[in-house]
Structures are given as C-alpha cells and as structure tokens.
Amino acid sequence: MEIYNDNLTEKQKKENKKPKKGFTPDGKERTYRFLHPSERNFGVPFWEKLVFFLRGFIGLNILSTLVSAILRATPYFNAETSELTPKGNALLMFFSYGLLLAAFLLFLFFDGRKTYCKLFKDFVNFKTYIYGLVGFFALILVNIFFNSIYNALIPDYGANANQTSIETRRKASPFFSIVTVVLFAPFCEEMTYRAGLLDRVGKRKRIVGVIVSALVFGLIHFDFSSGLLRVVSAGNQEAFEAYRMSFVNELLNLPVYVFSGAVLGLTYVSSGKLGSSMVSHLRLNALSSIEVMALSSQVALLPFVLF
C-alpha cells in the first residue's frame, strides 16, 4: 500500500526532510569541510592521475639522465672526478626541472577536458593566497620546531645531502639555482605529489592521500646512499664515522620533510585549490633562499628547502 506524504504526521514529514547520514540535503555525499574534495578529484580518470605522478616521479630522473649526458660533453664536466662541476649540477637541475615544467604545462593546455586548466584560475582567487599564507606559516613552525630541538640536543646535527647539494649549487650559480628552487620545483612537485599522488590515493579518503603523499615526499628527499656507503666503508674507521653521521642526519631530517609534506597536503585539501600549496611551497623556498644568502652565520632558522 502506497503511503502519500499527506497521510504522514508532522513528525514523519520532518524525518523525511532530514538528509541521510553522510549526505547533504540534495543527496550529495557529505565531506568534512576541512578536507575539501577538489573539483579535480572526481572528473579525472585513474590513468591521468597516475601519469601526473609518474611524470614527476620517474620523468624527472629520465630528464636528469639525458641532460647529464649532454653536459658531460661541456666544460662543466670534470674528467678527473668523473662528475659535473657545481655549476654543471646547477644547470642540470635547472634544465631538468625546466623541461618537466614544460611537460606539465603542455599537458594542462592540451588536456581535452580542460580540468587542470582551471588551476590557473586559482591564482586570481584571494582564498588561494590566504590558505597559502597559513600553510607557509605552518611550514615555518615545522622548520623552527625541529631545527631548535636538534640544535639543542644533538651537537653534530647538520644539513642532509639534499640541503648540502642545494647550497653548493647556489654558491656556484645563484641565478639558475634560485629560479629552480623557488619557481620550477614548487610547481612540479605540487603537480606530482598533490595533484597526482594525493588525489589518486585520497580520492575517497582525503586524509589517507595526505599521509601517503607526505611519506613519499619525505622519502624522495632521503639520501639512501649514505647508509649503503656506511656499510661499504666499514673497514675504514674515519670514513665509517663520516658516513654514520651523514646517515644520522638523513634520519633526523626525514621527519621535517614528512611533516612539511603533510602541511602542503593539508593546505591543498583544506582549500580545494592546488594553487594554495604551490604558494606555500614557493614562499618557504624563497624565504629560506633569502635567509641563507643574507646571513653570514651558518646556522639559520629555516635551513630546509623543500626541493
């Protein structure tokens, strides 16, 4: 027997109007306000997000190998050490990230669905910069928190291999290094680890995407070779000690990158705008670069560049 709405009591009518648990009144799935389901989340197929991630994660290594092979035929290659000079390394990163940036931009402009072209509209939205500023201050707090604890408790604490190589390239070629670190890297890494990995893994559970992308972001800044060299050099006590300390510094710096990756992920999912995490990333790298160049002291409050 069909029951018409007119035959229901006032209480039953009110119950009927209440949205189901987990859904909005218009029937859409309810999400936590803080974990915004970016509009790019549901209209993009699995393969496209996978390509985004692989383009940044694997593509950068392929580009680096190709550019390195070309630079070996230039004066920026030291035949005695069989390595690129510091300026050669700066050029390597500049062209590798530059080509990766070009690949991302080409995809954005030629994407048939125009889903990611809307990314550029993020930068004319005031909300993007508000969330980007909040994320930037959160990144500063993460840096200061870990750096203060480590400097107070661990006398031999220092920069990891990633920071050391950045400083070497910056001294050899300030222009190419700063352009790479401040402009190219934030865009490419946010496209890779937030638009690609976070959106793919966190399509339904945003917090899962934040955690996974933060862990991967931390691990890509970890130099595993220091641990391997520690084992190889076990017969040489001096070399062993040097590599041991290097490996310890890598372990100590890992949480900084993981928590920084989490902050960038939360900045993205809380605003729903990839531009926000890009702004946070860019601001931190810019401030860190300015601070290191301006201070004569070797100890800086913000030693970490998320690159």
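These legends describe an overall view and several close-up views of a predicted model.

The model is predicted, and local features need pLDDT of at least 70, side-chain atom pairs count only at pLDDT 80 or more, and totals for chains, interfaces and linings use all residues. Residues are numbered from 1 along each chain as its sequence is written, and side-chain values use heavy atoms, with hydrogens and water left out.

**View 1. The whole protein has 11 helices and 2 strands.**
Helices (H or I, at least four residues) and strands (E, at least two) are DSSP runs, numbered from the N terminus. The order of elements from the N terminus is α-α-α-β-β-α-α-α-α-α-α-α-α. The protein has 307 residues, and 43% of them count as buried; buried means under 20% relative accessible area, exposed over 50%, and partly exposed in between (1.4 Å probe, protein chains only). Contact means heavy atoms within 4.5 Å. Among contacts with a separation of 6 or more, 76% join residues 24 or more positions apart. The accessible surface is about 16800 Å², and carbon and sulfur atoms account for 67% of that area. Areas come from the Shrake-Rupley method with a 1.4 Å probe, and for residues only the protein chains shown count as cover.

**View 2. Confidence varies along the chain, with helix H1 (residues 10-17) lowest and H3 highest among the elements by mean pLDDT.**
pLDDT is the predictor's confidence in each residue, from 0 to 100. Its mean over the protein is 79, and 74% of the residues reach 70 or more. The mean is 49 for H1 and 94 for H3. Over residues 1-8 pLDDT stays under 50, and the model has 5 contacts beyond four places in sequence for this stretch. Residues 12-33 also stay under 50, with 18 contacts beyond four places in sequence. Where pLDDT is low, the predicted coordinates should not be read in detail.

**View 3. Helix H2 spans residues 46-57.**
H2 has 12 residues and reaches 16 Å from its first C-alpha to its last, close to the 16 Å expected at 1.5 Å a residue. The expected span is 1.5 Å times one less than the number of residues. Buried in H2 are Glu-48, Lys-49, Phe-52, Phe-53, Arg-55 and Gly-56. Seen down the axis of H2, these buried residues fall within an arc of 160 degrees, so they line one face of the helix. The arc is that of the directions from the helix axis to the C-beta atoms. Their cover includes helix H3 (59-71), helix H4 (86-110) and helix H7 (174-201).

**View 4. The largest nonpolar core has 30 residues.**
A nonpolar core is a set of buried Ala, Val, Leu, Ile, Met, Phe, Trp, Tyr and Cys residues joined through side-chain atoms within 4.5 Å. The members that touch the most others are Phe-52, Tyr-97, Phe-104, Leu-119, Phe-187, Met-191 and Leu-274. At least two residues of this core come from each of H3, H4, H7, helix H10 (237-271) and helix H11 (274-294). H4 gives the most, with 10 residues. A second, separate core of 16 residues includes Phe-146, Tyr-157, Leu-197 and Leu-284. Leaving aside residues up to four places away in sequence, Met-191 touches Phe-52, Phe-104, Leu-108, Leu-119, Gly-196, Leu-274 and Met-278.

**View 5. Ser-82 sits in the loop between strand S1 (77-78) and strand S2 (83-84).**
Although Ser-82 is not a glycine, it has a positive phi of about 55 degrees. Ser-82 is partly exposed, with a relative accessible area of 44%.

**View 6. Helix H8 spans residues 206-220 and holds Gly-218.**
H8 has 15 residues and reaches 21 Å from its first C-alpha to its last, close to the 21 Å expected at 1.5 Å a residue. Arg-206, Gly-209, Val-210, Ser-213, Ala-214, Phe-217 and Gly-218 are its buried residues. Down the axis of H8 they fall within an arc of 155 degrees, so they line one face of the helix. Gly-218 has a relative accessible area of 0%. Not counting residues up to four places away in sequence, Gly-218 touches Leu-254, Tyr-257 and Val-258. Gly-218 and Asn-253 are 35 residues apart in sequence, with 8.8 Å between their C-alpha atoms.

**View 7. Leu-139 lies in helix H5 (residues 126-153), and Arg-170 lies in helix H6 (residues 161-172).**
Leu-139 counts as buried at 0% relative accessibility. Its C-alpha is 9.8 Å from that of Tyr-257, 118 residues apart along the chain. Arg-170 is buried too, with a relative accessible area of 5%. Arg-170 and Val-292 are 122 residues apart in sequence and 9.9 Å apart in space, C-alpha to C-alpha.
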